[in-house]
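Here's a walk through the helix packing and strand pairing in this model, with the cut-offs given along the way. Keep the structure open beside the text.

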Amino acid sequence: NSSTASARATSSSVSLSSSLYPSNSFSVLSPVPPPFSTKMASHIVGYPRMGPKRELKFALESFWDKKSSAEDLQNVAAGLRSSIWKQMADAGIKYIPSNTFSYYDQVLDTTAMLGAVPPRYGWNGGEIGFDTYFSMARGNASVPAMEMTKWFDTNYHFIVPELGPDVRFSYASHKAVDEYKEAKALGVNTVPVLVGPVSYLLLSKPAKGVEKTFSLLSLLPKILPIYKEVISELKAAGASWIQFDEPTLVLDLDAHQLQAFTAAYADLESTLSGLNVLIETYFADLTSGAYKTLIELKGVTAYGLDLVRGTKTIDLIKTNFPKGKFLFAGVVDGRNIWANDLSSSLGTLQELEAIVGKDNLVVSTSCSLLHTAVDLVNETKLDDEIKSWLAFAAQKVVEVNALAKALAGQKDEAFFASNATAQASRKSSPRVTNEAVQKAAAALKGSDHRRATNVSARLDAQQKKLNLPILPTTTIGSFPQTLELRRVRREFKANKISEDDYVKAIKEEIKKVVDLQEELDIDVLVHGEPERNDMVEYFGEQLSGIAFTVNGWVQSYGSRCVKPPIIYGDVSRPKPMTVFWSSTAQSMTSRPMKGMLTGPVTILNWSFVRNDQPRFETCYQIALAIKDEVEDLEKAGINVIQIDEAALREGLPLRKSEHAFYLKWAVHSFRITNCGVKDTTQIHTHMCYSNFNDIIHSIIDMDADVITIENSRSDEKLLSVFREGVKYGAGIGPGVYDIHSPRIPSTEEIADRINKMLAVLETNILWVNPDCGLKTRKYAEVKPALNNMVAAAKLLRTQLASAK
């Protein structure tokens with residue numbers, strides 16, 4: 001495919017199809033303050049790429065399925081970029097970002113820019129095309145994908161660069177320059193955004209075969225020449241500002257790491273001459289050392305700081321802010337959907353203005369708006385009261401500019417009054433508070449909720465009841481969600497089919513999944529979750545205190561989008577949520593059927609959470625609701641219950657000093673859910689796509705009977721924990737193949753993975769399962785992959801038996 005991943009196209013060669021995008025489909029949200037001809041000092045760190053109706057998702061998946069061309073995909077992408085830039089320009093934003101669009105993720109785009117393609121993808125130089133780009137992201141029939149992990153403590157993922165001393169970097173994607181020119185041709189002068197060189201290296205990992213002790217920062221002199229080429233091209237194209245995202249500055253960095261920032265920007269200084277340079281940080285406070293490093297960087301004009309999560313950073317600004325420099329003050333929350341308290345933010349800005357100077361203060365978002373939903377205008381089913389409390393990305397653009405105008409003395413009194421009314425409504429609304437729930441959650445804080453018997457005794461009791469073979473096989477929960485299945489759910493929700501017809505269709509799907517697993521000879525079955533739209537949304541829709549959107553989609557990775565629940569009030573469970581479906585599935589088989597639940601920490605971390613009480617209080621409320629469900633499942637005869645905590649690691653604070661407190665309440669929340677069940681009820685949990693090695697002791701403290709955990713895509717990094725002597729006595733299933741790739745692993749490949757696990761784990765605790773759920777895969781991939789997985793387990797059982 002000669003088309004490039006950067007969609008190297010100007011506005012003249014890539015046009016927007018008016019039939020795809022009616023003129024009002026990307027409208028700025030009301031209420032919009034009246035326009036002013038002078039653009040105030042306002043800035044947006046980044047913006048969602050998927051489109052208000054997930055236009056990019058559908059274009060990507062159509063292209064991947066070979067149903068549309070590269071040009072079709074590029075046309076959709078160009079249309080989205082154009083609409084976003086125009087939307088911000090029309091709203092009055094002065095500093096509009098470009099190069100925040102991506103076909104997959106911004107770190108992978110940087111890998112493409114630097115030509116840092118692992119050799120296995122067979123790239124031979126030149127401009128990186130879609131084939132290579134998407135193979136790195138998703139793998140292909142013969143080569144596995146690169147590792148994917150969470151972007152800091154968000155539910156967004158990025159493709160982890162694989163680097164070593166032998167990587168030959170080259171300027172291989174001109175996307176940043178192309179998109180700047182594209183915006184300019186539309187009459188919008190943007191601020192091109194690049195992932196900063198130091199953050200790029202700190203977010204990378206040593207490639208396979210490279211010593212784990214290899215210093216990634218030693219590659220800085222090799223990548224800076226490419227950054228200089230990009231900067232020079234941007235200058236030549238007319239850019240006057242450039243934004244480097246250096247979010248790793250908010251982490252706990254040592255002196256050597258901080259020195260890398262100093263060295264990098266000193267090296268870039270002469271190339272950056274003539275440009276205004278913004279260094280953008282987000283997601284947490286800066287340490288005093290990181291702040292000092294930041295404000296002393298050579299050639300830097302402006303500093304972008306998250307003042308929503310980084311509230312202590314204001315004290316650093318008060319203590320020392322360099323004269324004549326710009327502060328891009330992130331006062332509008334880019335990670336949540338609550339309307340900004342404009343009066344409070346204006347007060348903060350006025351306080352900062354007195355420190356940094358009137359002409360040097362720019363109103364900004366706390367981080368990219370990538371992490372929030374796109375446009376509230378598309379929410380036709382939210383009730384007016386809750387809707388008045390919210391602001392999605394398009395509304396946040398308006399909030400930023402309203403604050404900038406107010407700061408400049410052009411305050412829109414009606415807009416501020418409307419905002420104040422909504423803030424008061426949210427504080428006083430009776431639907432927010434449930435005293436019984438508050439009381440029950442408060443009572444949990446002082447006690448330690450644990451099962452009465454230790455895990456080895458429980459596993460013995462469970463084995464007597466379940467009678468499983470060694471190396472038992474299972475899957476993580478979901479099976480493919482076919483178009484037909486989605487149609488049935490959609491039509492039931494729209495009242496186009498009756499409840500009886502819906503239940504019949506779902507039962508037929510469950511029977512198909514049960515029969516397939518029995519045919520494959522899987523030991524512990526799942527019902528496939530055909531009734532579920534999403535592992536969090538499904539539960540949120542049945543809990544009180546939670547609201548849902550119709551189009552509040554947020555990108556998770558690649559084309560995958562989720563609609564996070566909005567937790568606006570106290571949470572409780574009015575009635576059982578899964579018991580009917582799990583019982584129905586168990587009645588279809590004599591094998592153990594897992595009850596499938598999402599855990600409280602994951603529901604919390606994958607929702608837009610109320611910001612008017614501590615997160616742990618909300619989590620305890622959700623834990624009590626899940627506890628009720630666990631106990632009802634047990635009463636209904638479900639002997640294996642999986643409580644997924646996929647997002648436990650994701651919620652770990654970015655600063656080590658805050659880890660212990662978070663892990664204490666997160667682990668406690670999980671234990672609350674199952675502390676009341678019998679020894680013979682086996683509690684599973686599942687975790688995926690995060691680096692768990694640093695929290696393994698907390699995972700053990702969760703006291704689950706069996707944990708299934710991602711292992712294959714991260715190149716079996718998890719196993720190193722056990723090689724280093726960590727003892728684990730509960731059941732564990734490190735994933736034996738990557739489900740986020742269409743690639744089908746062979747029996748031999750899976751058997752080899754299991755043997756690696758057996759080298760560090762006891763035979764009697766090891767389970768065999770995929771990395772994650774199968775929802776996004778096709779049956780044509782799932783059947784042979786699971787068949788090979790079961791065959792590998794049986795092969796190993798035979799070998800182990802003959803070795804005795």
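Let's start with helix 18 (residues 499–520) and helix 20 (residues 579–586), whose axes come within 10 Å and cross at roughly 45°. That makes helix 18 oblique to helix 20, and the crossing is right-handed. On the helix 18 side the contact uses Y502, V503, I506, K507, I510 and V514, which meet F580, W581, T584 and A585 of helix 20. By class, that contact has eight nonpolar residues, one polar and one charged.

Before going further, a note on what you're looking at. This is a predicted model, in which local features need pLDDT of at least 70 and side-chain atom pairs count only at pLDDT 80 or more, while totals for chains, interfaces and linings use all residues. Residues are numbered from 1 along each chain as its sequence is written, and side-chain values use heavy atoms, with hydrogens and water left out.

Now the terms. Helices (H or I, at least four residues) and strands (E, at least two) are DSSP runs, numbered from the N terminus. Axes are lines fitted to C-alpha atoms, for helices over the stretch in contact, and angles run from 0 to 180 degrees between N-to-C directions. Under 35 degrees counts as roughly parallel, over 145 as roughly antiparallel, 65 to 115 as roughly perpendicular, and the rest as oblique. A crossing is right-handed if the near helix is turned clockwise from the far one by less than a right angle, and left-handed if anticlockwise. Contact means heavy atoms within 4.5 Å. Ala, Val, Leu, Ile, Met, Phe, Trp, Tyr, Cys and Pro count as nonpolar, Asp, Glu, Lys and Arg as charged, and the others, Gly among them, as polar.

How far can you trust it? The protein chain averages a pLDDT (the predictor's confidence in each residue, from 0 to 100) of 92, and 94% of the residues score at least 70. Over residues 1–38, though, the pLDDT is below 50, and this stretch has 77 contacts in the model beyond near neighbours in sequence. Where pLDDT is low, the predicted coordinates should not be read in detail.

Two other helix pairs are worth a look. Helix 11 (residues 342–356) and helix 13 (residues 393–407) pack at about 50° with their axes 10 Å apart, which means helix 11 is oblique to helix 13. Their crossing is right-handed. L342, S345, L346, L349, Q350 and E353 of helix 11 make the contact with E399, L403, A406 and L407 of helix 13.

For helix 8 (residues 255–272) and helix 9 (residues 288–295), the axes come within 9 Å and cross at roughly 10°, and the two helices are therefore roughly parallel to each other. Here L258, F261 and T262 of helix 8 meet G289, A290 and T293 of helix 9.

The classes of these two contacts are as follows.

| Helix pair | Nonpolar | Polar | Charged |
|---|---|---|---|
| helix 11 with helix 13 | six residues | two residues | two residues |
| helix 8 with helix 9 | three residues | three residues | no residues |

On to the strands, which pair if DSSP finds at least two bridges between them. Strands 16-18-19-20-21, in that order, form an open sheet of five with parallel pairing. Strand 16 (594–598) and strand 21 (731–734) stand at the edges with a single partner strand each, so one side of each has no neighbour in the sheet. The twist averages 20° from one strand to the next. Strand 20 (residues 706–709) runs parallel to strand 21, joined by four bridges, and I709 has P734 in strand 21 as its bridge partner.

Another open sheet has three strands in the order 12-15-17, with mixed pairing. Its edge strands are strand 12 (544–547) and strand 17 (608–609), each pairing on one side only. Strand 12 and strand 15 (residues 566–572) run antiparallel over three bridges, with S544 opposite S572. Helix 22 (residues 615–635) packs on this sheet, touching strand 15 and strand 17, and its direction makes about 50° with that of strand 15.

Last, the hairpin: strand 13 (residues 554–557) and strand 14 (residues 560–562) pair in the antiparallel sense over three bridges. V554 has V562 as its bridge partner. Two residues lie between the strands, and G558 in the turn has a positive phi of about 50°.
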